[in-house]
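Reader: I should like a close look at one charged residue and at the surroundings into which it is placed. Please proceed outward from that residue, and state the cut-off behind each term as it arises.

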Amino acid sequence: MPPLFPPAHAALLAVLVLAACGPTGGGASRSSSGEASDAAAASCDLAASILPEAGEGCGRAWIDANLRLNDIQVLGTHNSYKDWIAPEEFAIFMDVAPAAARTLDYAHEPIPAQLDWGIRQFEIDILNDPDGGRFLDPLLRRRAIAEGRVTPELAFREEMSRPGFKVLHVPDLDYRTTCPTFVACLRHIRDWSVRHPDHTPILIMLNPKVTPASWEGATPVLPLDGPALDRMDAEILSVFPPKALIRPADVKGDHSTLREAVLAGGWPTLGEARGKVLFASINGPDFYEPYRAGPGGLAARVAFIRVAQDDPDAAFVMWDDPIANQEAIRKAVADGFIVRTRTEQDTVEPRVGDTAKREAAFASSAQFVSTDYYKPNPAFGDFSVAMPGGAIARCNPQRTAERCGGVAVE
């Protein structure tokens, strides 16, 4: 198994055309940049149709006043918590199901390191564990021990023993994680956000898992019923206060439906959204129908849901393949929806150096572009994904690029 990542390369550099827009590095410099922009805003023409006409030193103030959450593009990670499968266990996996094992041969740094790098979208898989301890004895580890293989102890045993949602990819098989509980993952993001209050809004995609591994002896997985979904929202609110969130009700406002608000430009401005997070579940009807069935509907919930674009609760949509769905993505972005796509899947493209999906993802103008390779895996060559121009966040290529004059959002 290769090391997790090669030595970090030079920090990302934002491409700033207007020098007075301020630095885009760590939290302190972003905060001071925001304060400087606030002080200069009074003399800026924030009603200018394009940023260069707003006035000298007005880049940040104009961006925060004129761009909305769906007017940006940032980089995210897929299965953001995932650690390597232990080598001894991976060898068994390859013997039993080599094709499936190859798709899981990747990992990520801990979430705070990803945030420092510039990642602004995360995907977290959660599993219902109301009593605690359900995932303490993974099948693949048991099998390795039975065969006399030396394999690492299960990390985070104490945290995994406690009641609450657990974070892992495939129960019993791909279970090693950099943050074992949902609350732990969220605290990583919240703590970083508090230290960097000027950051671009962060999307946290949720993938609640209800399917166990297919191998004999696998741990049963509990369903996500109404009480479980209530606990999910409660765990989010135990970490993020409402003022730190962008929720369906915040976007819906006085409109009759969330979809109507989105089509009418109801996403918050960047000035309103900086330092905040939003949640979106990527599951289908088995999840979202119970989730929005209670009093108040989706407006009473924390997370957006993935539904068809003609659904009254439509706001967030996703396509994994940006080549096959290029036009659909571009139309959804133009209409006002938030879109997530990917630059590769199942380790296929990195193994052969295929960059077609990577280029198509950025060209599609999807606001959130997700990858497993913001740093390359040396075993697969030098395939990696970075924001074009080196910025952490840029003006959306389709919606706002011509208005921004090349200035980075973050």
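Author: Glu-235 is placed in helix α9, which spans residues 226-239. Helices (DSSP runs of H or I, at least four residues) and strands (runs of E, at least two) are numbered from the N terminus. The model is predicted, and local features therefore require pLDDT of at least 70, side-chain atom pairs count only at pLDDT 80 or more, and totals for chains, interfaces and linings use all residues. Residues are numbered from 1 along each chain as its sequence is written, and side-chain values use heavy atoms, with hydrogens and water left out.

Is Glu-235 buried or exposed, and what is its nearest side chain of opposite charge? Glu-235 is buried and yet has no salt bridge; Arg-231, the nearest side chain of opposite charge, is 6.1 Å away. Here buried means under 20% relative accessible area, exposed means over 50%, and partly exposed lies in between (1.4 Å probe, protein chains only). A salt bridge requires a side-chain nitrogen of Lys or Arg within 4 Å of a carboxyl oxygen of Asp or Glu. Lys and Arg count as positive and Asp and Glu as negative, while His and the chain ends are not counted.

The surroundings of Glu-235 follow from its contacts (heavy atoms within 4.5 Å). Apart from neighbours within four places in sequence, Glu-235 is in contact with Gly-164, Phe-165, Phe-182, Val-183 and Leu-186. One of these, Phe-182, leads into the largest nonpolar core: of its 93 residues, Phe-182, Ile-204, Phe-240 and Phe-279 touch the most other members. Helix α8 (residues 182-195) supplies the largest share of this core, namely six residues. A nonpolar core is a set of buried Ala, Val, Leu, Ile, Met, Phe, Trp, Tyr and Cys residues joined through side-chain atoms within 4.5 Å. In soluble globular proteins, nonpolar side chains tend to be buried together.

Phe-240 has contacts, again apart from neighbours within four places in sequence, with Leu-186, Ile-189, Arg-190, Ile-204, Leu-245, Val-277 and Phe-279. Leu-186 is thus a contact of Glu-235 and also of Phe-240. Another core, of 13 residues, lies apart from the largest one and includes Leu-104, Ala-213, Trp-215 and Ala-218.

Ile-204 directs attention to strand β4. Seven of the seven residues of β4 (residues 202-208) are buried, so the strand is largely enclosed by the rest of the structure. In a regular strand the side chains alternate between the two faces of the sheet. From β4, Ile-202, Ile-204, Leu-206 and Pro-208 point one way, and Leu-203, Met-205 and Asn-207 the other. Two strands count as paired if DSSP finds at least two bridges between them. With strand β2 (residues 121-127), β4 pairs in the parallel sense over six bridges, and Phe-122 stands opposite Ile-204. With strand β5 (residues 277-281), β4 pairs in the parallel sense over five bridges, and here Met-205 stands opposite Ala-280.

The unpaired state of Glu-235 may be set beside the 28 salt bridges found in the whole structure. Asp-64 and Arg-274 form one of them, with the closest N and O atoms 2.8 Å apart. Asp-64 lies in helix α2 (residues 59-66) and Arg-274 in the loop between α12 (270-273) and β5, so the pair ties together parts that are 210 residues apart in sequence. Asp-64 is buried at 12% relative accessible area, and Arg-274 is buried at 10%. Both belong to a network of salt bridges that links Arg-60, Asp-64, Asp-198 and Arg-274.

Glu-153 and Arg-141 form another salt bridge (3.7 Å, N to O). Glu-153 occupies the loop between α6 (139-146) and α7 (157-161) and Arg-141 lies in helix α6, so this pair ties together parts that are 12 residues apart in sequence. Glu-153 is partly exposed, with a relative accessible area of 49%, whereas Arg-141 counts as buried at 15%.

A further salt bridge joins Arg-292 to Asp-313, the closest N and O atoms being 2.9 Å apart. Arg-292 is buried at 17% relative accessibility, and Asp-313 is buried with a relative accessible area of 17%.
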